[in-house]
Each structure stands twice: as C-alpha cells, then as structure tokens.
Amino acid sequence: MLIYKCELKQIRESRNLTIRKLADGAGVSRSSICDIENGKVDMKVSTLVILAKFLGCNLSDIIKF
C-alpha cells in the first residue's frame with residue numbers, strides 16, 4: 001500500500017483560490033476537487049498534472065510520499 005499526503009487544499013488556499021475558481025480555471029469539476037481534497041477518490045495523475053499546471057507548481061508539490 002502506498003501512503004501519500006495530498007497538499008492540494010493547502011496550495012489552493014495559499015493562492016486565495018476557491019474550489020470554484022480552481023475548478024473553472026483548470027477545467028475540472030468542483031466535485032472532483034472536493035473529493036481529491038477530502039481523500040474520497042483515487043487521484044488520476046492526468047487530473048493532478050492539469051491542476052499543478054494551473055496552480056503553477058509541480059506535481060510533487062501536490063503529492064507528498
């Protein structure tokens with residue numbers, strides 16, 4: 001089992017973005033953002049890459065192993 005920590009919410013909040021602004025800007029559904037931030041769904045790498053690109057950070061900033 002792989003253990004990781006998702007930092008998406010912390011990064012989003014540090015950039016003063018609402019879930020809606022992040023979802024709209026990255027083209028990802030709000031429910032997907034909520035599910036990822038709350039650990040309710042396995043994250044697709046492709047979605048995380050899109051979010052990282054929009055947030056101007058690296059994938060490794062979002063996911064900590």
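Select E7 first, and show every residue that it touches: leaving aside residues up to four places away in sequence, these are D61, I62 and K64. Keep in mind as you look around that this is a predicted model. E7 sits in the loop between β1 (5-6) and α1. Is E7 buried or exposed? It counts as buried, because its relative accessibility is 16%, and the cut-off for buried is under 20%.

Now add K5 to your selection. The side chains of K5 and E7 meet in a salt bridge, with 3.6 Å from N to O. Side chains of opposite charge can pair when their charged atoms come close. K5 has a relative accessible area of 47%, so this residue is partly exposed, while its partner E7 is buried.

How many salt bridges does a search of the whole structure find? The answer is two, so you have one more to visit.

**Next stop: E37 and R12**

Select E37 and R12 together. Their side chains form a salt bridge, at 2.6 Å from N to O. This pair links distant parts of the chain: E37 belongs to helix α3 and R12 to helix α1, 25 residues apart. Color both by accessibility if your viewer allows it. E37 is buried, at a relative accessible area of 16%, and R12 is buried too, at 6%. Stay with E37 for a moment and show its contacts. Not counting residues up to four places away in sequence, E37 touches L8, K9, R12 and I19.

**Into the core**

One of those contacts, L8, leads to the next stop. Select C6, L8, I33, L51, L55 and I62: these residues have the most contacts inside the largest nonpolar core, which has 18 residues. Which elements give two or more residues to this core? They are α1 (8-14), α2 (19-26), α3 (30-37) and α4 (45-55). The largest share, four residues, comes from α4.

Zoom in on L55 and look at what surrounds this side chain. L55 touches L8, I11, R15, L17, L22 and I62, again without counting residues up to four places away in sequence.

**A look at the cysteines**

Select C6, C34 and C57, and show their sulfur atoms. How many disulfides does the structure hold? It holds zero. Why is C34 not bonded to C6? The sulfur of C34 is 12 Å from the closest cysteine sulfur, in C6, which is too far for a bond; a disulfide needs the two sulfurs within 2.5 Å. C57 is in no disulfide either, and the nearest cysteine sulfur, that of C6, is 10 Å away. Compare their surroundings as well: C34 counts as partly exposed, at 27% relative accessibility, whereas C57 counts as buried, at 16%.

**Out to the surface**

Turn on the surface and select V45, V49 and L59. They form a nonpolar patch there, with about 230 Å² of accessible area together. V45 is found in helix α4, and this residue counts as exposed because its relative accessibility is 55%.

For the last stop, select N58, in the loop between α4 and α5 (59-62). With a relative accessible area of 49%, N58 is partly exposed. Finally, draw a distance from N58 to G25, C-alpha to C-alpha: the two residues are 33 residues apart in sequence and 17 Å apart in space.

Methods: Residues are numbered from 1 along each chain as its sequence is written. This is a predicted model: local features need pLDDT of at least 70, side-chain atom pairs count only at pLDDT 80 or more; totals for chains, interfaces and linings use all residues. Side-chain values use heavy atoms; hydrogens and water are left out. A nonpolar core is a set of buried Ala, Val, Leu, Ile, Met, Phe, Trp, Tyr and Cys residues joined through side-chain atoms within 4.5 Å. Buried means under 20% relative accessible area, exposed over 50%, partly exposed in between (1.4 Å probe, protein chains only). Contact means heavy atoms within 4.5 Å. Patches are made of residues with over 30% relative accessible area and no salt bridge: like charges are joined within 9 Å, nonpolar side chains (Val, Leu, Ile, Met, Phe, Trp, Tyr) within 5 Å. Accessible areas come from the Shrake-Rupley method with a 1.4 Å probe; for residues, only the protein chains shown count as cover. A salt bridge is a side-chain nitrogen of Lys or Arg within 4 Å of a carboxyl oxygen of Asp or Glu.
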